[in-house]
Amino acid sequence: MPRPEVNMVTLTIDGREVSAPENVMLVDGAKYGDVEIPVFCYEPKLGQPVGACRMCLVEVEGIPKLQTGCSTPVKDGMVVHTQTQRVKDAQEAVVEFLLINHPLDCPVCDKGGECPLQDISFGWGGGRSRFVEPKRHFEKPLALSPLIAIDRERCILCYRCVRFSQEVSEDYQLVLAARTADTYVATFDGHPYVAPFSGNIIELCPVGALTSRPYRFRARPWDIEGSGSVCTLCPSQCNVELTVRDERVLRVISRVHEEVDDGWLCDKGRFAYQAIHVDERITQPLVREGGTLRGVSWERALDEAARGLSRAGSASAALAGGETTNEEGFLLQRLTREAVGSAHMDSRAGGSLPVELHAALGAPVLQATVPDLQYAHAILVLDTEPVDDMPIVDLRIRKGVRRNRVKLAVATSRPSSLDRNAAVSVRYAPGCGEAFVAALNAALGGEEKNFAELVAAAGTTAEGVRAVADLLAGAGGTGGPGDVVILWGERLTHGRRGAAAARGLLNVAGHLALAGREGAGLLEVPAGTNGRGLREVGVLPRIGPGMAQVASPGALGAAGIRDGLAAGELSAVHLLHVDPLADLSGRAAWKRGLEAATTVVAHSAFLTEGLREHATVIFPAESYAEKEGTVTHPDGRVQRLRPAIGHPGEVRPGWQVLAELMKRAGHDPGVLTGAMVSRRLFEAVGMYAGLTLEELGGRGVRWPARAQAAAWPQADLGPFGLESPPAAPSPNGELRLGTFRSIWAGPAVGASPALRFLVPKVRVEMAPADAQRRNVTHGDHVTLGADGSAVEATVMLRDAVPEGTVFMETNALDPGLVDVRKAPPESRR
């Protein structure tokens, strides 16, 4: 649906004329006239107001009773009074009632100094209490979860936390128990409140009833400083404020950006800051001596790395992980191409696409934005699980469906958390996204000739594909397809058939007329945080900065680098914020390749498995709280990272290490500061031309909306002729294997004490019927075997998993057919 039109009207508040948007709530409209109406329960992000606290009572001429400002819409000519004696008496009474049972323990409350109840008591309260009876008491504090403590005596029953659980995250875990004065916030049967977004209720709470257990009693508001930056732990790139005391990050809270995160954070982004200061972090350079990694000087480590890469020359390669900034990626590709003399590099986990397909998929006329998910007529979630891959987008989709009646279709191989919100939900076989897209293309184009074969190849149903096609084609009613957003996962275009899948996706976009349509388009969920930015700065084979084509025949992508190392054709690899064993597919092949390499240079904050076993030089990497630079959001918004704390130990800026390696390899980049690197980057990338760090500021700039977007290379958007996709493997007694990566994956979670209980175990999701045939049940241990490799995992039964398919939370085995057997008792952990 189109965004609501803003119609400004004029009203009078306390004798002052105010111009405000029509139908916004009076509490928000009053802000346009610099008038504050106090609230406790009201929070626009939670949806429709409930008027629970009555703190916002005002007088409206023509209405005899006092009205709640949070639920009264602004109308033209309205006359409002917020300072009359009648209003003041009502507000004083509300504050007095709230303080009847609220303990006056501000000096020991974590909320003290930044507490709305404190502020409102001083500003609108009576300044005295007539209540002498005993206050109500609860056991306190209780662990609502391992991350959140609840003090029920402080709770004022504003409903915010319960509404978030039920109306925003839709996990439905929080409820109000008991009645009247005995009412309290609880979970069903006392179960811990563990959910991907649970930490948001800490910020929503207007009193000290809900507090962060990791932050509890760590600092007071006058002891701390706030520093704005961007979280780089996932592609959501949420805007955050880091709470800093004595050069330590003590807390992460949201920094509202409606175009990016809507003011929410996932628990990974909120609590994984603890990994910044743990003892396990690498804080000095390491060099392998006699098979053991030992701490050495920077001079020694830089010399070893530069010598190894230069010696390999064109037989070296580079890989960049998702947390790499644009500046680091820009210098990495210059180091590899210009200083070392190699064309082999990649930043896509599943390998690169032809340059013309990269240009088409990223074409400005095809790009949707995050807010488009809220207002589109229809959304197709294709080959991605937003809550794991880009969590905040999950909340935005739910918001669109709930508030704006957006029609949602989900097409994935693994059951999705969005299935119950979807009008249509379709499953296909793991790794068969290409065939599904081809079938959807045929359904939208009315092609019946090969439709049945394409459906069979995808391992899905004709009814499901047609239902998705009908929903998308009819989303705009009689006016045609309407505004459709396709949220697609990068994994759709992974592997040898990635180019064919990309062409099918572009054909679907063509059928829906997405090109050039405002409020519609494609929105990619990259495999890494800065996947889009790294492509645009040139960390791809045959593609340079600004998506310029580079003449480098034979340049290898990720899969080619892996195979080249294993075959001895390549001898050195430069790993920037990536561990192939943990982050890339083909784990066994990567292990062989790293074992065969003579030089493995890595930049990392932690000793992950692959680096511990195979790295020859490791440079300590910065955390995002220490970084200076930029990243590019999946919708094209270039955002700025700002350092909040100094570097621990001997850690140096990543751009500085890369510049020093270039200098030692005989190619001085001539940069002395991070800002200089950013300036060189903006000059080299046509779409970023004219950008400055000052312009990016705290909000960023979306380059597809700038005139410089014309620098993007012209691309053919289709339609394309599609080859027949390979058919889904037939189980034949074995099971199809799909893999997935949990939101809790990554070294930052395992290193954070507060989040360690969420570290993913190797588990396999099975259909109950498949488990019954193998005589296993929920919680049993099974062995999955394929191609001579075997992995032990714990069974998790899910009714929604299609029969004949299993999903494993690891990349230890490649997708295909696997044999699943109950593990012998002696091998069970």
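This report looks at two residues, a pair of packed helices and one further helix. The model is predicted.

**Two helices that pack**

Two packed helices are described by the angle between their axes and the distance between the axes. Take helix α13, residues 433-445, and helix α15, residues 462-473. Their axes come within 9 Å. They cross at roughly 55 degrees. That angle makes α13 oblique to α15. The crossing of α13 past α15 is right-handed.

Which residues of α13 and α15 make the contact? From α13 come F436, A439, L440, A443 and L444. From α15 come V465, V468, A469, L472 and A473. What classes of residue does the contact of α13 with α15 have? It has 10 nonpolar residues, with no polar and no charged ones.

An α-helix has 3.6 residues a turn, so residues three or four places apart point the same way. Keep that in mind when looking at the residue numbers in the lists.

**Helix α18**

Helix α18 covers residues 558-567. Its buried residues are A558, I561, R562, G564 and L565. What do the buried residues of α18 pack against? Their partners are three strands, β16 (316-320), β17 (345-346) and β23 (572-576), together with helix α20 (587-596). After α18 comes G568. The phi of G568 is positive, near 85 degrees.

**Two residues, two settings**

The table gives the relative accessibility of K627 and R503.

| Residue | Relative accessibility | Class |
|---|---|---|
| K627 | 4% | buried |
| R503 | 25% | partly exposed |

K627 sits in a loop, between β25 (617-620) and β26 (629-632). Is K627 buried or exposed? K627 counts as buried because its relative accessibility is 4%, and the cut-off for buried is under 20%. A polar atom of the K627 side chain lies 2.9 Å from the backbone oxygen of E323. Leaving out residues up to four places away in sequence, K627 touches E323, T324, T325, E328, H577, E622, L641, R642 and P643. So E323 appears both in this contact list and in the 2.9 Å pair.

R503 belongs to helix α16, residues 498-511. Its relative accessible area is 25%, so R503 is partly exposed. Setting aside neighbours within four places in sequence, R503 is in contact with L357, F720 and L722. Where does L717 lie relative to R503? Along the chain, R503 and L717 are 214 residues apart. In space, their C-alpha atoms are separated by 8.5 Å.

Note on methods: Residues are numbered from 1 along each chain as its sequence is written. This is a predicted model: local features need pLDDT of at least 70, side-chain atom pairs count only at pLDDT 80 or more; totals for chains, interfaces and linings use all residues. Side-chain values use heavy atoms; hydrogens and water are left out. Helices (H or I, at least four residues) and strands (E, at least two) are DSSP runs, numbered from the N terminus. Buried means under 20% relative accessible area, exposed over 50%, partly exposed in between (1.4 Å probe, protein chains only). A polar contact is a pair of N or O atoms within 3.5 Å; within protein, one must be able to donate a hydrogen and the other to accept it, and residues adjacent in sequence count only if both atoms are side-chain atoms. Contact means heavy atoms within 4.5 Å. Axes are lines fitted to C-alpha atoms, for helices over the stretch in contact, and angles run from 0 to 180 degrees between N-to-C directions. Angles under 35 degrees count as roughly parallel, over 145 as roughly antiparallel, 65 to 115 as roughly perpendicular and the rest as oblique. A crossing is left-handed if the near helix is turned anticlockwise from the far one by less than a right angle, and right-handed if clockwise. Ala, Val, Leu, Ile, Met, Phe, Trp, Tyr, Cys and Pro count as nonpolar, Asp, Glu, Lys and Arg as charged, and the others, Gly among them, as polar.
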